[in-house]
Amino acid sequence: MAYAHAPVMLQEVMEILRPEARRTYLDGTLGGGGHSEKILELSGPDGRVLGLDWDDEAVAAARRRLERFGDRLVVRRASFRDAREVLRQLGWERVHGVLLDLGLSSHHVESADRGFSFQAEAKLDMRMDRRQAPDASEIVNTLPVRELARILREYGEEPRARRIAFAIETERRRGRIASTKELADLVARVAGKKRGHIHPATRTFQALRIAVNRELENLQGFLDDGYELLHPGGRMVIISFHSLEDRLVKQAFRKWSRSCICPPKTPICRCGWSQKVRLLTSTPRTPSDLELQQNPRARSAKLRAAERI
Ligand SMILES: C[S@@+](CC[C@H](N)C(=O)[O-])C[C@H]1O[C@@H](n2cnc3c(N)ncnc32)[C@H](O)[C@@H]1O
């Protein structure tokens, strides 16, 4: 199956990163390589990109698509959480621009066998990095019911989290819940009929995907000191697709842009913190109407950007 994914907010990302020759860039979520391709084109003849993705299929697809750039592109199968270590191994240390375009690619959703979609019958998997455990089936079949309910509530904002978690527990006592379809049907029975265009299992599937891939932990791990990856004047762009991610990015960028992080009303500053970045977006940017017409999957994208000082 060909790797399909349309890069989101491509023009906006390039306007912020302003790729140039002789510079280096980190694309922490390489996917099909759409954003990296543009960075490499604009930073010719010798700008370089380190592209990371933890998904084997993305890495293979991007390598194929971007082969013509030769050694201007370095690809590693790794989590962006480990970007600092990979940059260190390459001797790059810092870069002039960083991009994270979070979440799933269209390829994930459209590849039935990856188990992300409730539209197709498949093994419950949902791992982007297939070297890692647990997968969705293990979570659904082994997690204590209270923990399952917490995941559905916190990561899926599912109002019927407890009811669904108890139904899963009852069902798995009879036998393992092995497929996407079994889970989707079970949720539909408990959580009620389709609301508008939204399938009743949408929130459950989102929650499980976030839990399986530890998406928030990985993003937070990156955000703890991600500004250190940038040269002074270097820029970082992060595109997120749900409010939990956007909140983490907003909080981190705010912290990085402050000159003091002492608790409010502290008489004398003792934190030792200093401003790390200047915010380039006070509120998140969203895709244009034209892009949304052409690519409805971009609809929940929120872009935030900052510049290292
Ligand atoms: C939305 S797609 C990126 C699409 C890409 N910008 C393009 O233009 O084709 C997100 C990609 O990030 C990858 N990904 C998500 N979390 C990751 C992480 N923690 N580390 C590395 N890659 C990650 C996914 O495997 C997926 O391929």
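**Figure 1. Strand β5 and strand β7 pair in the antiparallel sense over 6 bridges.** Welcome to the first close-up of this predicted model. Strand β7 covers residues 302-308, and K302 in β7 is the bridge partner of S240. Strand β5 also pairs with strand β4 (residues 95-101), this time in the parallel sense and again over 6 bridges. To find your way along that pairing, look for G97, which stands opposite R235 in β5. Why is β5 largely enclosed by the rest of the structure? Of its 11 residues (230-240), 8 are buried, so the strand is largely enclosed.

**Figure 2. The ligand has 25 residues around it.** Those that come nearest are G32, H35, D53, F80 and D101. Three polar contacts are worth picking out here. Two of them involve the backbone: a polar backbone atom of G33 is 3.3 Å from an oxygen atom of the ligand, and a polar backbone atom of G34 is 3.1 Å from an oxygen atom of the ligand. The other involves a side chain, with a polar side-chain atom of W54 lying 3.3 Å from a nitrogen atom of the ligand.

**Figure 3. The largest cavity holds about 360 Å³ of space.** Its lining is made up of 31 residues, and T29, D101, L102, G103 and M128 are the closest to its centre. Helix α2 (34-42), strand β2 (48-53) and helix α11 (215-225) are the elements that give two or more residues to this lining. Of these, α11 gives the most, with 3 residues. Sorted by class, the lining has 14 nonpolar, 13 polar and 4 charged residues. If you compare this view with the ligand close-up, you will meet D101 again: this residue is among those nearest the ligand and among those closest to the centre of the largest cavity.

**Figure 4. The second largest cavity has a volume of about 30 Å³.** How many cavities of 30 Å³ or more does a search of the whole structure find? The search finds 2. The residues lining the second largest cavity are W54, R127, D129, Q132, V212 and N213. By class, they divide into 2 nonpolar, 2 polar and 2 charged. W54 may look familiar, as its side chain also supplies a polar atom 3.3 Å from a nitrogen atom of the ligand.

**Figure 5. The largest pocket offers about 1300 Å³ of space.** Which residues lie nearest its centre? Out of 36 lining residues, they are V109, T202, Q206, R209 and R299. Helices α5 (106-110) and α10 (202-212) are the elements that give two or more residues to the lining, and α10 provides the largest share, 5 residues. The lining as a whole has 13 nonpolar, 15 polar and 8 charged residues.

**Figure 6. The second largest pocket has a volume of about 180 Å³.** It is lined by 13 residues, with I139, E147, I151, A211 and R214 closest to its centre. Helices α6 (136-142), α7 (145-156) and α10 each supply at least two residues of this lining. The most come from α7, which gives 4 residues. Counted by class, the lining has 7 nonpolar, 1 polar and 5 charged residues. Helix α10 links this view to the previous one, since α10 also gives residues to the lining of the largest pocket.

Methods
Residues numbered from 1 in each chain as written. Predicted model: local features only at pLDDT ≥ 70, side-chain atom pairs only at ≥ 80, totals over all residues. Heavy atoms only, no water. 1 Å grid on protein atoms, 1.4 Å probe; cavity = no way out; pocket = protein on both sides within 12 Å on 5 of 7 lines; lining within 4 Å. Points joined across faces, edges and corners; volume = space filled by probe spheres on them. Nonpolar A, V, L, I, M, F, W, Y, C, P; charged D, E, K, R; others polar. Buried < 20%, exposed > 50% of the residue type's maximum accessible area, 1.4 Å probe, protein only. Pairing = 2+ DSSP bridges. Near = heavy atom within 4 Å. Polar contact = N/O pair within 3.5 Å; in protein donor to acceptor, adjacent residues only side chain to side chain.
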